[in-house]
Amino acid sequence: MATSIVRGKYVITRALDRHRWEQIDGGAVLQRDGIVVEIAPYDDLRRRHPDVPVIGTGDQVVLPGFVNGHHHVGLTPLQLGSPDMPLELWFATRLVTRNLDLYLDTLYSAFEMIASGITTVQHIHGWMPGVLSEVEAKSEDVIRAYEDIGMRVSYCFALRDQNHLVYEANQDFVNRVPDEVKPLLAKHFERFKMGLEDSMLLFSHLHAKHNPKERVKIQLAPANLHWCSDKALEALATCSHEHQAPMHMHLVETAYQKEYAKRRGGGTAVDYIDKFQMLGPLMTLGHGVWLNEPDLERLAETGTNICHNCSSNFRLRSGVAALNRFEAMGINTAIGLDEAGINDDRDMLQEMRMVLRAHREPGTDDRVPTMAQVFRMASEGGAKTTGFGAKIGTLEPGKAADMVLLDWQQIAYPYLDVLTPVLDAVVQRAKTEGVRAVMVAGEVVYQDGKFTKVDRDAALKQLSDIMKADLTDEELERRRLSKLVLPHVKAFYEGYFDPESHVPYYRPSSRV
């Protein structure tokens with residue numbers, strides 16, 4: 001049996017409410033075979049278990065491993081040539097993305113996540129061309145990368161069966177563009193072979209193979225309202241209930257998506273998906289920037305989760321989510337890094353500070369984010385949105401031994417007043433260079449800057465060498481299409497809020 005004592009100067013096990021947390025000074029965690037057995041003062045555990053190996057020197061803060069509740073890619077869009085733009089235009093610029101080795105690409109972001117204390121990731125995979133067998137092989141590459149590095153992954157392949165570029169049918173948009181663009185655009189749409197039936201088969205295959213595993217769960221992902229037909233929404237809701245599989249759905253990320261929902265159903269996006277019994281504890285809504293008050297009341301009533309992607313919302317001009325209202329209404333919220341955080345990396349410690357600071361409304365009341373709240377979002381709140389559920393997210397007997405050890409010296413040196421609460425200091429001052437160890441299921445996967453299961457330098461060298469290859473003809477063709485189609489995508493949305501017509505006012509524009 002693999003048993004260890006994880007020692008801390010402070011052990012913070014969970015948030016109790018918005019202002020309080022459970023903290024054991026001089027504490028330690030006894031874990032056996034990846035499960036927390038006992039949490040007690042270190043001296044007590046050491047006296048009763050003198051032969052058990054000890055992890056940690058007593059100079060660290062021990063916390064539950066963090067959960068990245070919304071993640072997509074390895075190399076960031078910026079690294080791949082797609083700059084930050086309003087989301088609706090960004091889809092066109094993302095056409096420049098290279099064909100990637102998804103195993104190495106996934107490892108790249110996993111290195112960054114683990115190094116910031118993330119032990120579990122919700123990987124929402126999508127936008128993948130090809131037939132079922134090709135997409136399934138790519139899915140397996142992603143899952144294998146997480147298994148090799150030792151992370152937990154809650155994996156889902158985003159189902160899209162319509163409107164692949166703008167918020168109307170593919171053929172309708174092809175009909176809008178000039179004749180010289182039509183064949184290129186039509187060819188691009190034809191690359192996506194995965195319809196509803198194949199997407200459900202993919203879930204079935206992956207769920208049967210991987211869901212019983214300790215560190216892998218398989219979820220469902222209705223990509224977004226505009227990307228899913230009614231038939232797809234119905235099938236996903238049915239499958240979720242039958243398998244008790246969580247769903248993660250992008251929803252009203254932008255004002256344009258709010259308008260799309262109004263045109264499609266006459267109400268809000270929440271109203272629309274509620275008709276398919278999609279709301280509830282199994283559903284997490286990604287972003288939710290443009291939810292209104294009745295929407296929030298319904299989410300609170302049904303126990304639906306929201307994943308807050310703060311940096312992404314800023315980078316893509318999507319807006320500022322009403323996090324303080326989410327929390328006030330008792331909606332469970334998670335934190336997601338999406339494609340990348342504000343510094344174009346996957347740093348949960350940094351993202352926690354973003355969430356803490358971005359919602360500090362003027363005034364003297366108690367509605368702004370607190371340390372305990374943000375800590376809970378990054379741990380227990382995120383856990384509830386994954387297939388691992390209550391098994392992770394806090395440190396308690398019977399739960400998974402997923403932990404991060406942070407160097408107290410990095411946080412407190414050269415001075416920290418004794419009046420400063422420990423969690424306040426952790427949330428506001430901890431940096432990735434202070435992450436001393438990361439454990440998943442009782443196994444150390446990262447220690448003192450080194451990954452224990454995968455050679456980071458070798459993997460990144462291999463990824464770098466592959467990316468030095470010349471662009472293929474197909475990649476060059478997509479880059480040409482991106483440049484040609486972008487003005488027409490922009491023109492499509494220029495009249496999207498015309499109150500006198502449900503048909504966008506369309507005129508090609510040279511302004512991009």
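Q: In helix α17, which residues are buried?
A: Happy to start here, keeping in mind that this is a predicted model. Helix α17 covers residues 422-429, and six of its eight residues are buried, so the helix is largely enclosed by the rest of the structure. Those buried residues are Val422, Leu423, Asp424, Ala425, Val426 and Val427.

Q: Leaving aside neighbours within four places in sequence, which residues is Leu423 in contact with?
A: Leu423 is a good one to follow, as it is one of the buried residues of α17. In the largest nonpolar core, Leu423 is among the residues that touch the most other members, along with Val61 and Leu225. Once its neighbours within four places in sequence are set aside, its contacts are Ile12, Trp21, Leu63, Met371, Ala372 and Phe375.

Q: Which helix gives the largest share of the largest nonpolar core?
A: This core has 144 residues. Ten of them come from one helix, residues 102-115, and that is the largest share. The helix is α3.

Q: Is α3 parallel, antiparallel, perpendicular or oblique to α18?
A: Helix α18 spans residues 456-467, and its axis lies 10 Å from that of α3. On the α3 side the contact includes Leu104 and Phe111, while on the α18 side it includes Leu460 and Ile466. The two helices pack at an angle of about 130 degrees. An angle between 115 and 145 degrees falls outside the other classes, which makes α3 to α18 oblique.

Q: Which strands are at the edges of the open sheet of four strands?
A: The order across this sheet is β5-β4-β1-β6, with mixed pairing. An edge strand pairs on one side only, and this holds for residues 35-41 and residues 54-55. The edge strands are therefore β5 and β6.

Q: Which residue in β6 stands opposite Val6?
A: Strand β1 runs over residues 3-7 and pairs with β6 in the parallel sense, over two bridges. In β6, the residue opposite Val6 is Ile55.

Q: Is Arg263 buried or exposed?
A: Arg263 lies in helix α9, residues 255-265. A residue counts as buried under 20% relative accessible area. Arg263 has a relative accessible area of 18%, so this arginine is buried.

Q: What separates the C-alpha atoms of Arg263 and Phe189 in space?
A: Arg263, in helix α9, can also be placed relative to Phe189. Along the chain these two residues are 74 residues apart. Between their C-alpha atoms the separation is 24 Å.

Terms used: Residues numbered from 1 in each chain as written. Predicted model: local features only at pLDDT ≥ 70, side-chain atom pairs only at ≥ 80, totals over all residues. Heavy atoms only, no water. Core = buried A, V, L, I, M, F, W, Y, C linked by side-chain atoms within 4.5 Å. Buried < 20%, exposed > 50% of the residue type's maximum accessible area, 1.4 Å probe, protein only. Contact = heavy atoms within 4.5 Å. Axes fitted to C-alpha atoms, helices over the stretch in contact; angles between N-to-C directions. Parallel < 35°, antiparallel > 145°, perpendicular 65-115°, else oblique.
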